[in-house]
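Biologist: I'd love a close look at one part of this protein, please. Which residues line the largest pocket?

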Amino acid sequence: MNLLSRTGLAGAAVIAIVLVRGIVLATTPLSFDEAYYWLWSKHLAAGYLDHPPLIAFLIRAGTALFGDTSIGVRALPWLLSAAATWAVWRTAMTFDANSRIAAIAAVMFNVMPMIAIESGVATPDAPEIAAAAFMLLFLAKIRQTGDGRWWIAVG
C-alpha cells in the first residue's frame with residue numbers, strides 16, 4: 001500500500017468517524033446536562049452560575065436552524081468537533097509536513113474517549129476542545145513562521 005492510499009484511508013476513517021458520531025448524536029436523546037444547557041439557550045445571559053455562556057449561544061443558533069431537537073441542540077458542537085479535527089490535522093502538518101502522520105494524528109484525536117464522547121455533545125467541553133485544538137495550531141504557526149502576530153490568535 002503506497003503512502004497516498006494509506007493517507008486516503010486514514011482520511012476516510014476520520015470522515016467516517018465524524019459522520020457516525022453525527023448520526024448517533026442526531027438519534028439519541030439529550031443527557032441531563034444537555035437539557036440543562038438547552039434551557040440556558042432559552043434565556044441567554046452573559047454568564048451562568050457554573051459555566052461560561054458559549055454553549056448556550058451555540059445551542060440557540062442550532063435550534064434556530066433545526067428546531068428544538070437533538071440535531072438542533074447538538075449541530076454546532078458537532079461541527080466544532082469537525083473543525084477541531086481539521087485543526088489537529090493542520091497542526092501535525094505544520095510540525096511534520098507529512099500527510100500520513102497528520103492523518104494518523106486526526107484519527108487518533110477522534111478515537112480518544114474524551115473526544116469521541118464529549119466533542120459532539122452539547123456541553124461546554126465541545127467549544128473548549130475546539131478552542132484548544134486551534135490554540136495548538138496557532139502555537140505551531142508561531143514556531144513555524146516566527147511571526148509574533150499569531151499570538152493574537154492564540155489569545
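Modeller: Here is the pocket, followed by its surroundings in the fold.

A word on the source comes before that. This is a predicted model, in which local features need pLDDT of at least 70 and side-chain atom pairs count only at pLDDT 80 or more, while totals for chains, interfaces and linings use all residues. Residues are numbered from 1 along each chain as its sequence is written, and side-chain values use heavy atoms, with hydrogens and water left out.

Now to your pocket. Its lining consists of Ala10, Gly11, Val14, Ile15, Val18, Ala82, Thr85, Trp86, Trp89, Ala103 and Ala106. A pocket here is an open set of points, on a 1 Å grid over the protein atoms alone, where a 1.4 Å probe fits, with protein on both sides within 12 Å along at least five of seven lines; lining residues have an atom within 4 Å of a point. The largest pocket holds about 200 Å³ of space, counted as the space filled by probe spheres set on the points, which are joined across faces, edges and corners.

Three helices each give at least two residues to this lining: H1 (3-27), H4 (70-96) and H5 (99-111). H1 makes the largest contribution, with five residues. Sorted by class, the lining has nine nonpolar residues, two polar ones and no charged ones. In this scheme, Ala, Val, Leu, Ile, Met, Phe, Trp, Tyr, Cys and Pro are nonpolar, Asp, Glu, Lys and Arg are charged, and the others, Gly among them, are polar.

Stepping back, the protein has eight helices and zero strands. Helices are DSSP runs of H or I with at least four residues, strands are runs of E with at least two, and both are numbered from the N terminus. The C-alpha atoms fill a box of roughly 50 × 40 × 25 Å along the principal axes. Of the 155 residues, 38% are buried, where buried means under 20% relative accessible area, exposed means over 50% and partly exposed lies in between (1.4 Å probe, protein chains only).

H4, one of the pocket helices, also holds serine 70. Serine 70 counts as buried because its relative accessible area is 16%. Not counting residues up to four places away in sequence, serine 70 touches Leu25, Ala26, Thr28, Pro29 and Leu30, with contact meaning heavy atoms within 4.5 Å. The C-alpha atom of serine 70 is also 9.5 Å from that of glutamate 34, 36 residues apart along the chain.

Another helix pair is worth a visit. The axes of H2 (residues 32-41) and H3 (residues 54-66) come within 8 Å and cross at roughly 80°, so H2 is roughly perpendicular to H3. Axes are lines fitted to C-alpha atoms, for helices over the stretch in contact, with angles from 0 to 180 degrees between N-to-C directions; under 35 degrees is roughly parallel, over 145 roughly antiparallel, 65 to 115 roughly perpendicular and the rest oblique. Here Tyr37, Trp38, Trp40 and Ser41 of H2 meet Ile55, Ala56, Ile59, Arg60 and Thr63 of H3. Leucine 39 is also in H2, and counts as partly exposed because its relative accessibility is 45%.
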